[in-house]
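Hi,

Here is the structure I promised to pass on. Have a look at it first, and my notes are underneath.

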Amino acid sequence: MSQLVHPLEKFVRPGMESRIWCSGCSNGIVLNEFLRAVDELGLDTSKMVLVSGIGCAGRASGYVDMDGFHATHGRAIPVAVGIKVAKPELNVVVISGDGDLFSIGGNHFLHAARRNVGIKVICINNFNYGMTGGQAGPTTPMGAFLTTTPYGNIENPLNLVQLAAAVGATYVARWTAFHVGRIKNSIKKALMKKGFAFIEVVGICPEQYGRRQKMPRPMDMMMWFKKSSVISRELDPSKAEFTQERIVVGEFVDVERPEYTELIRGQINSIIEKLEKEGKATDVEI
Amino acid sequence: MRRDVLTGSYFTLGDIACAEGALAAGCRFFAGYPITPATEVAEHMARRMPEVGGVYIQMEDEIASIASVIGASYAGLKAMTATSGPGFSLMQENIGLAVMTEAPLVIVNVMRGGPSTGQPTRGGQQDVMQAKWGSHGDYEIIAFAPSSVQEMFDLTIEAFNCSERFRCPAFVLADENVGHLREKLVIPEPHEIKLVERKRPKCDPREYSPFKPDEDLIPPMAHFGEGFRFYATGLTHNERGLPRTVDPEVHAKLVRRLNEKIRRHAREIIRVEKLYLDDADVCVIAYGIVSRSAASAVRLAREKGIKAGLLKLVTVWPFPNEEVLRISEGVKRIIVCEMNEGQILREVERCNKCSRISFIPKLGGEIHTPREILSAIKGGS
């Protein structure tokens, strides 16, 4: 009798028996979508590196049978930049959370996008620091109750799509965990993109976020996303509204700009060519 | 024609000699952030790195610099960053990450006066203890303290060799005085420069355990993109590289190995230079720029018939415990000279068995004069 094997089983890292993700967490949905995208594109996974930071989503890099690096809190992007710049032929992907990428690691996001380093960043936005037990973060909605906002959050949340667009990402999309299939299609696009690509997936966190906002069951947050999300058909980040009542999803940026590692290689090649032509070891005074 | 080893004699800056040393050592990735008095290393790398086919990247801060250096090291390049006190402070967390993930890399710290922004343009030796203990957790580190422009070149190569050999971060702890010193530099022929490369796995990729050490406690290192499909994490991990964060045995075994791989090879790493120590009654201990004043003072003392000697620390970490212990048994007095309030002094006190120890601190960016040290040698205080 033939054994039934999950079609994505081949992507699971041998020896990783257990996952830390809670029941009802949508991190698995996003990871599935990522792996389906890789599978459908037929990418050589030995030429892919998955980098992540700290937090629930940050564990993704350990679960997949690719080269992976689990960095310090907030530092997935600069590690990924180092890998990409050193070996531009690799497809370097960052999967991490909203706190990791946009609070402690916010500065790195701005500059990697500005430089247009050809890494792909997938942010699972679950509105809170889940692993440490549900603290407020940079995307926590106004008024939300978390362990560090016991009287309601009074800070304005970041709009990740508009931020990414403003700092120069060449591909920007937002979906929620409800939009299975569309997430995958966006990841496929991002993986084939030359420049810096960013995808926000609004995620379900029933344990730490939902239950404190009167949405205790996983389906409660899913129904919220289903009810509130509106698909934008325009490549216009100004339309990327994000409120409790209205979450605009879709693709918001899809442009081409010169990619960083190609620019570096271009400079290196012309400098070496000039030296060789002139028969010199250096043009620099020591 | 070699573009990475520019054989010849030069009159140049310590920071530039450091950058040339890195290139000669095979460094092909530099990430940094401008900071006085280390900026010249970055500026020289920005000009020179493309000439040797390597990458210079100016990152958004020092945290990003060290993080990208770790990434580049895992992608297979010899990589380096250069900074000074404030930037070194920012790097501490990822120094721990480099220790834990056993990433070979070099960090140059051209030391200025602190705490905080302190004295950006003046020299100091105030980061010596931070270099050893700055990141959290138990770890061993390798640090060289150059005292001349030539040593900025030579010891940067040594730092690369040690980082590659032991799979750990290695530091060049230069003081500003040496970083900004201009004097003679001789770059040797390429064949005269001994280079060490990290140990690489020979096994089938599917059999590879990224943190399984050989007899020498050092695991062979695969690079990303070579088909090994391995994982590295700052979490406590087993030999497969997989997180095992609540198993006391896994944690103890890992941390002990990370320490032991340096401690067991300490004799191979440690370098000291001795001047007139064979019959000395008084031993001056110094490193970096101060060792030059100390050498002058010891020579002046000898001219006056005083049996003084010098122990110059070329490596400050690992600390030469045995050397200092042996010296303390043979001399009557030890004089420690440092441009700080007493950092290596504590190590000397720890190793001392019999001698009286006196200390000459120096703050503000001034170097000890030979006369000051001579007066301490004569004074007997």
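Below is what I found, starting with the interface.

This is a predicted model: local features need pLDDT of at least 70, side-chain atom pairs count only at pLDDT 80 or more, and totals for chains, interfaces and linings use all residues. Residues are numbered from 1 along each chain as its sequence is written, with chains lettered from A and ligands numbered from 1 in the order in which they are written.

On the interface, 40 residues of chain A are in contact with 48 residues of chain B (C-beta atoms, placed from the backbone, within 7 Å). Helix 3 of chain B gives the largest share of chain B's side, nine residues (helices are DSSP runs of H or I, at least four residues, and strands are runs of E, at least two, numbered from the N terminus). The chains also share a strand pairing: strand 2 (residues 67-70) of chain A runs parallel to strand 10 of chain B over three bridges (a pair needs at least two DSSP bridges). There, A:His70 stands opposite B:Thr233.

Helix 3 of chain B turns up again among the elements against which the buried residues of helix 5 of chain A pack (buried: 20 or more other C-beta atoms within 10 Å of the residue's own, placed from the backbone). Those buried residues include A:His108, A:Phe109 and A:Arg115. After helix 5 of chain A comes A:Asn116, with a positive phi near 60°.

Finally, A:Ile83 touches B:Gly71, B:Tyr74 and B:Phe224, among others, not counting residues up to four places away in sequence.

Best wishes

Notes. Contact = placed C-beta atoms within 7 Å. Buried ≥ 20, exposed ≤ 12 C-beta atoms within 10 Å, placed from the backbone.
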